[in-house]
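User: I would like a close look at a single part of this model. Please keep the sentences short and connect the details as you go.

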Amino acid sequence: MKIAVCVKQVPDSWVEKKMDGQVIDRLGVDAVLNDLDEYAIEEALRIVEANSPTGSAGSESGHEISLICMGPERATEALRKGLSMGADNAILISDPSLAGSDSLATSLVLAKVIASGNFDLVMCGTESTDARMSVIPAMLAERLGWAQLTHVHKLDIDVSKSYAQGVRSTEIGIENISADFPVVVSVPDKINVPRYPTFKGIMGSKKKPLIIKTLDEIGFAAETVGMLAPWTAVNDVIPRPPKSKGIKIVDTGNGGNELVAFLEEQRVI
Ligand SMILES: Cc1cc2nc3c(=O)[nH]c(=O)nc-3n(C[C@H](O)[C@H](O)[C@H](O)COP(=O)(O)OP(=O)(O)OC[C@H]3O[C@@H](n4cnc5c(N)ncnc54)[C@H](O)[C@@H]3O)c2cc1C
């Protein structure tokens with residue numbers, strides 16, 4: 001089985017994010033592997049371990065986990081972290097023309113690389129912690145013409161039947177969903193607890209294959225993506241207003257009514 005895990009490098013959640021014109025300033029801040037993508041890597045590792053004769057991931061498992069990322073060259077750091085967790089190899093699509101790509105361009109580029117990789121399963125996080133659109137997995141499935149099991153907090157893979165089954169909680173209930181391979185799956189943070197890379201994993205990750213591909217190498221003309229060919233325009237950016245002070249209700253005999261009035265005003269009740 002070949003699994004692709006889509007991972008993104010994002011500004012560290014702890015740093016204050018600033019806009020650079022109409023886009024987030026991603027280059028002037030510390031960058032990390034998108035937290036939520038660690039759950040997708042962990043789930044891929046667990047699937048391989050459960051279906052490996054040795055019980056572990058890696059070349060002897062008979063399966064392969066490839067990380068796929070579109071981003072600047074320094075995204076290799078995020079990919080090395082994923083490799084140190086246990087993925088086998090990584091592909092970074094990096095090209096100056098890709099700067100400013102919106103979600104439609106991002107999914108187009110990722111889908112092109114996935115389509116040429118003979119994958120059975122694509123795993124994604126549910127969202128990036130910078131742009132937070134939560135759209136790439138569905139867009140990938142659409143572009144590839146594959147089934148999608150998105151936001152599944154429980155996943156069962158039957159390798160012998162090339163079949164995936166997932167559980168998704170929505171506002172109206174719990175859905176049991178399934179699909180035959182090939183399938184795109186996105187997972188939230190409740191699905192597992194990602195492992196920490198071991199020292200051996202960190203050292204071993206330095207020797208694992210990490211290929212950087214340009215747009216030309218994957219067969220795209222520079223003028224079809226990025227700032228030169230945007231599908232989306234950011235019309236306006238307004239800084240988030242500072243948090244207002246809370247209201248303190250002191251009970252001097254009418255506290256209950258005041259609380260109810262407040263909750264009604266906020267449309268909580
Ligand atoms: C005008 C404009 C310019 C933009 N310029 C940039 C820019 O220069 N750089 C930039 O990073 N973003 C840029 N963005 C944001 C960009 O559209 C999104 O970051 C990108 O399309 C992915 O969407 P998302 O981050 O909301 O992913 P989501 O849909 O929230 O991500 C879900 C999952 O998809 C996968 N995924 C998402 N992005 C990637 C990726 N790049 N590689 C591999 N897997 C991925 C991960 O598994 C992730 O957990 C721009 C947006 C607009 C509108």
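Which residues does Ser-66 touch, not counting residues up to four places away in sequence?

Analyst: This is a predicted model. Ser-66 touches Ile-3, Ala-4, Val-5, Asn-89 and Phe-119, with residues up to four places away in sequence left out of the list.

Start with the residue itself. Ser-66 is found in strand E6. Its relative accessibility is 2%. Buried means under 20%, so Ser-66 counts as buried. The side chain of Ser-66 also has a polar partner: a polar contact of 2.7 Å links it to the side chain of Asn-89. Asn-89 is also among the residues that Ser-66 touches.

Now the strand. E6 spans residues 64–70. Six of the seven residues of E6 are buried, so the strand is largely enclosed by the rest of the structure.

E6 has strand partners on both flanks. E1 (2–6) pairs with E6 in the parallel sense, over five bridges. Within that pairing, Cys-6 has Ile-68 of E6 as its bridge partner. E7 (89–93) also pairs with E6 in the parallel sense, again over five bridges. There, Ile-68 stands opposite Ile-91 in E7. Ile-68 therefore faces Cys-6 in one pairing and Ile-91 in the other.

Next, the sheet. Seven strands form an open sheet in the order E9-E13-E8-E1-E6-E7-E14, and the pairing is parallel. The edge strands are E9 (147–149) and E14 (210–213), each of which pairs on one side only. From one strand to the next, the twist averages 20°. At the E9 end, E9 and E13 (residues 183–187) pair in the parallel sense over three bridges. In that pair, Gln-148 stands opposite Val-184 in E13.

Helices pack on this sheet. Helix H1 (residues 35–50) touches E1, E6, E8 (121–125) and E13. The direction of H1 makes about 145° with that of E8. H3 touches E1, E6, E7 and E8. The direction of H3 makes about 150° with that of E6. E6 is thus touched by H1 and by H3.

Follow the chain on from E7. Asp-95 sits in the loop between strand E7 and helix H3 (103–115). Asp-95 is buried but has no salt bridge. The nearest side chain of opposite charge is that of Lys-213, and it is 13 Å away. A salt bridge needs a separation within 4 Å.

Asp-95 does have polar partners. Its side chain makes a polar contact of 3.0 Å with the side chain of Ser-97. A polar atom of the Asp-95 side chain also lies 3.0 Å from the backbone nitrogen of Leu-215. Leaving out residues up to four places away in sequence, Asp-95 touches Thr-214, Leu-215 and Asp-216.

There is also a three-strand sheet. Its strands form an open sheet in the order E10-E11-E12, with antiparallel pairing. E10 (154–158) and E12 (173–180) stand at the edges with a single partner strand each, so one side of each has no neighbour in the sheet. The twist there averages 15° from one strand to the next. Five bridges join E10 to E11 (residues 163–170), and these strands run antiparallel. Among the bridge partners, Asp-158 is matched with Tyr-163 in E11.

Definitions and conventions:
Residues are numbered from 1 along each chain as its sequence is written. This is a predicted model: local features need pLDDT of at least 70, side-chain atom pairs count only at pLDDT 80 or more; totals for chains, interfaces and linings use all residues. Side-chain values use heavy atoms; hydrogens and water are left out. Helices (H or I, at least four residues) and strands (E, at least two) are DSSP runs, numbered from the N terminus. Buried means under 20% relative accessible area, exposed over 50%, partly exposed in between (1.4 Å probe, protein chains only). Lys and Arg count as positive and Asp and Glu as negative; His and the chain ends are not counted. A polar contact is a pair of N or O atoms within 3.5 Å; within protein, one must be able to donate a hydrogen and the other to accept it, and residues adjacent in sequence count only if both atoms are side-chain atoms. Contact means heavy atoms within 4.5 Å. Two strands pair if DSSP finds at least two bridges between them. Axes are lines fitted to C-alpha atoms, for helices over the stretch in contact, and angles run from 0 to 180 degrees between N-to-C directions.
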